[in-house]
Amino acid sequence: MKLSHFEFDLPDELLAQYPAEHRDESRLMVLNRKDGTIEHKVFKDVINYFEEGDVMMLNNTKVFPARMFGNKEKTGARIEVFLLRELNAENRLWDVLVDPARKIRIGNKLFFGDDDSLVAEVIDNTTSRGRTLRFLFDGSYEEFRAKLLELGQTPLPKAIGRDVEPIDDERYQTIYAKHEGAVAVPTAGLHFSKHLMKRLEIKGVEFAETTLHVGLGTFSPVEVEDLSKHKMDSEQIDISEATAEKINKAKKEKRRVCAVGTTVMRTIESSVSSKGELNGFTGWTNKFIFPPHDFSIATAMITNFHTPKSTLLMQAAAFGGYDFVMEAYKEAIKEKYRFSTYGDAMLII
């Protein structure tokens with residue numbers, strides 16, 4: 001398929017700037033692939049599409065406050081630093097993005113905090129905006145991490161065109177987030193409230209956790225018309241043996257297995273055996289899913305409404321069927337569904 005197949009006009013006012021008042025009261029569009037039907041529901045109605053023994057797979061990654069603002073030595077220019085990943089804990093080396101990049105060269109020092117209590121030195125260029133920083137900090141590693149948390153901000157995506165507010169500290173995080181390491185939230189999980197998860201549990205629906213630490217590569221624009229030539233950035237994943245066993249048992253018993261989000265789908269599709277079973281795995285994936293794709297594990301998927309030409313939309317179209325999903329997106333725009341991170345949800349069964 002071509003990049004241009006995923007172009008559509010998305011009105012700016014449909015890009016959600018704030019989350020719904022209650023997590024489980026976002027709107028939910030349900031796509032039934034077998035019947036070719038589209039239903040309009042509220043997210044908490046998702047419980048009606050699952051039975052005892054069905055499994056929902058969740059991404060338990062936790063977003064860390066990755067956006068920091070510092071000042072360049074001598075000039076005092078304000079620089080945004082976006083922490084991507086820790087390269088070396090002992091030497092406090094980090095892979096980051098800087099903005100404006102043209103002002104930041106190897107050897108420059110950046111000062112953070114009102115009292116300049118944290119300093120970083122630029123030691124390498126990685127991409128046009130990418131740099132490697134060595135943080136200079138007098139204190140233990142635990143104190144250094146605490147300082148990063150203190151100075152960092154919730155890394156809202158650029159599509160949310162406003163400053164971070166107190167509400168984002170809680171709402172830009174799933175309620176089941178555990179393992180810190182993501183710079184963007186797995187958005188499909190934002191719709192789950194404690195109350196809804198308890199109701200699903202009482203009904204007998206099981207949960208299985210995986211981890212994919214979402215990086216910015218998931219949201220990098222696709223710049224080639226031929227999708228087979230697009231390369232995804234690698235992201236760290238973890239599938240425990242217990243999770244693999246639970247999923248394989250559910251599949252054997254013909255239960256519904258639901259991937260909550262594109263990150264879960266990429267994780268499980270990255271570790272499939274020749275028999276079509278899920279394997280436990282810890283490592284990295286750069287899996288890029290676009291139509292056509294034969295899915296091995298999940299029989300259902302929850303996902304948000306994504307922006308044009310995004311890899312997230314491509315994956316949803318691969319699972320739901322290109323024509324059906326694009327028809328649903330036209331309907332979503334007509335019905336004024338909210339798109340992107342804080343937007344509404346789609347269930348494909």
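Helices and strands are taken here as DSSP runs, numbered from the N terminus. In this predicted model, helix H5, residues 262–269, lies across strands S3, S12, S13, S14, S15 and S16. The direction of H5 is at about 80° to that of S12.

The strands under H5 belong to an open sheet of nine strands with mixed pairing, arranged in the order S2-S1-S17-S16-S14-S3-S12-S13-S15. Strand S2 (37–42) and strand S15 (281–285) form the edges, each pairing on one side only. From one strand to the next, the twist averages 25°. Strands of a sheet pair through backbone hydrogen bonds, in either a parallel or an antiparallel manner. Strand S14 (residues 257–260) and strand S16 (residues 300–304) run parallel and are joined by three bridges. Cys258 has Ala300 in S16 as its bridge partner. Helix H4, residues 241–252, also packs on the sheet, where it touches S3 (55–59), S12 (206–212), S13 (235–239) and S14. The direction of H4 makes about 130° with that of S12.

The domain assignment divides the chain into domain 1 (3–63 + 168–348) and domain 2 (67–152). Their C-alpha centres lie 32 Å apart. Five residues from domain 1 and seven residues from domain 2 take part in the contact. Between them the two domains bury about 440 Å², with 60% of this area on carbon and sulfur atoms. On the domain 1 side, Glu180, Val183 and Leu216 lose the most area to domain 2, together 78% of what that side buries. One salt bridge is found across the interface. The side chains of Glu180 and Arg145 form a salt bridge, at 3.2 Å from N to O. One residue pair is in polar contact between the domains.

How values were computed
Residues are numbered from 1 along each chain as its sequence is written. This is a predicted model: local features need pLDDT of at least 70, side-chain atom pairs count only at pLDDT 80 or more; totals for chains, interfaces and linings use all residues. Side-chain values use heavy atoms; hydrogens and water are left out. Two strands pair if DSSP finds at least two bridges between them. Helices (H or I, at least four residues) and strands (E, at least two) are DSSP runs, numbered from the N terminus. Axes are lines fitted to C-alpha atoms, for helices over the stretch in contact, and angles run from 0 to 180 degrees between N-to-C directions. Contact means heavy atoms within 4.5 Å. Domain bounds come from an automatic or database domain assignment. Buried area is the accessible area (1.4 Å probe) that two parts lose on being put together, summed over both. A salt bridge is a side-chain nitrogen of Lys or Arg within 4 Å of a carboxyl oxygen of Asp or Glu. A polar contact is a pair of N or O atoms within 3.5 Å; within protein, one must be able to donate a hydrogen and the other to accept it, and residues adjacent in sequence count only if both atoms are side-chain atoms.
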